[in-house]
Amino acid sequence: MSDVIDFSSGHFVHLGLGATTVPLPQHTGDVSWYAEYGQQHAADGFEGRLVSMHTFSESWDVWEMHPNGSELVLCVAGEVALTREAIDGTVSTVTICAGEAVVNDPGVWHTADLVDGAPNPTVVFITAGVGTEMRDR
């Protein structure tokens, strides 16, 4: 196996207990990949983190929420508008561009939109994935 992990082709890592870094199988683009990931790393519980990178060509058609930990959202290219719905129902939107990041607190629903006229964003997510929920937008 190569030492290079090609995030741009859907190869991500899991940060686990004992400061481990585990390369993951290539992301398949469907929800079953996340279910399998969750099963394989369940022993790390709420402390495990999924590190992924995605380049988006369209706005999200879902909301997602991580109930058991915060999520770092780091824009590394382009610009992305993140809409967040707090636990109290307050909705806000923040736009980040390359080099900027935000933190989604546990229990905060969030979604992402492309910014008109900006190049497609590439975003790194460091996620407490256990218990992640999704709903249609």
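Start by selecting Arg135: with a relative accessibility of 29%, this residue counts as partly exposed (buried is under 20% relative accessible area, exposed over 50%, partly exposed in between, with a 1.4 Å probe and protein chains only). Before going further, note that this is a predicted model, where local features need pLDDT of at least 70 and side-chain atom pairs count only at pLDDT 80 or more, while totals for chains, interfaces and linings use all residues. Residues are numbered from 1 along each chain as its sequence is written, and side-chain values use heavy atoms, with hydrogens and water left out.

**Stop 1: the salt bridges**

Keep Arg135 on screen and add Glu85. Their side chains meet in a salt bridge, 2.8 Å from N to O (the rule asks for a side-chain nitrogen of Lys or Arg within 4 Å of a carboxyl oxygen of Asp or Glu). This pair links distant parts of the chain, with Glu85 in strand 6 (residues 79–85) and Arg135 in strand 11, 50 residues apart. Helices (H or I, at least four residues) and strands (E, at least two) are DSSP runs, numbered from the N terminus. Glu85 is partly exposed too, at 22% relative accessibility.

Now pick Asp113 and Arg137. They form a salt bridge whose closest N and O atoms are 2.7 Å apart. Asp113 sits in strand 9 (residues 109–114) and Arg137 in the segment after strand 11, so this bridge ties together parts that are 24 residues apart in sequence. Asp113 is buried, with a relative accessible area of 18%, whereas Arg137 is partly exposed at 43%. By the rule above, the count comes to two salt bridges.

**Stop 2: Asp136**

Next, click on Asp136, which lies in strand 11 (residues 133–136). Is Asp136 buried or exposed? It is exposed, at 68% relative accessible area. Show its surroundings: apart from neighbours within four places in sequence, Asp136 is in contact with Asp61, Val62 and Trp63 (contact means heavy atoms within 4.5 Å). If you draw a distance from the C-alpha of Asp136 to that of Glu64, 72 residues away along the chain, you should get 8.9 Å.

**Stop 3: the sheet**

Switch to cartoon view and look for an open sheet of six strands, ordered 2-1-3-10-5-8, with antiparallel pairing (two strands pair if DSSP finds at least two bridges between them). Strand 2 (20–23) and strand 8 (101–104) stand at the edges with a single partner strand each, so one side of each has no neighbour in the sheet. From one strand to the next, the twist averages 20 degrees.

Zoom in on strand 1 (residues 13–16), which runs antiparallel to strand 2 and is joined to it by four bridges. Which residue of strand 2 is the bridge partner of Val13? That partner is Pro23. Then bring up helix 1 (residues 31–40), which packs on the sheet, touching strand 1 and strand 3 (49–55), and whose direction makes about 160 degrees with that of strand 3. Axes here are lines fitted to C-alpha atoms, for helices over the stretch in contact, and angles run from 0 to 180 degrees between N-to-C directions.

**Stop 4: the cores**

Select Phe56, Trp60, Val73, Cys75, Val80, Leu82, Ile96, Val102, Ala112, Val123 and Phe125: these eleven residues make up the largest nonpolar core. Such a core is a set of buried Ala, Val, Leu, Ile, Met, Phe, Trp, Tyr and Cys residues joined through side-chain atoms within 4.5 Å. Strand 5 (71–77), strand 6 and strand 10 (122–127) each supply at least two of its residues. For a look from inside, center on Val102: leaving aside neighbours within four places in sequence, its contacts include Val73, Leu82 and Ile96. A second, separate core of five residues includes Leu24, Trp33, Tyr37 and Leu50.

**Stop 5: the aromatic rings**

The structure holds seven aromatic pairs. Rings of Phe, Tyr and Trp (its six-membered ring) pair if their centres lie within 6.5 Å; planes under 30 degrees apart count as stacked, over 60 as edge-to-face and the rest as tilted. Show Phe56 and Phe125, an edge-to-face pair at 6.3 Å centre to centre with 85 degrees between the planes. Phe56 lies in the loop between strand 3 and strand 4 (62–65) and Phe125 in strand 10, so this pair ties together parts 69 residues apart in sequence. Phe56 is buried at 15% relative accessible area, and Phe125 is buried at 6%. Add Trp60, which forms a tilted pair with Phe125: 6.1 Å centre to centre, 45 degrees between the planes.

Last selection: Phe7, Phe12, Trp33, Tyr34 and Tyr37, which form one aromatic cluster.
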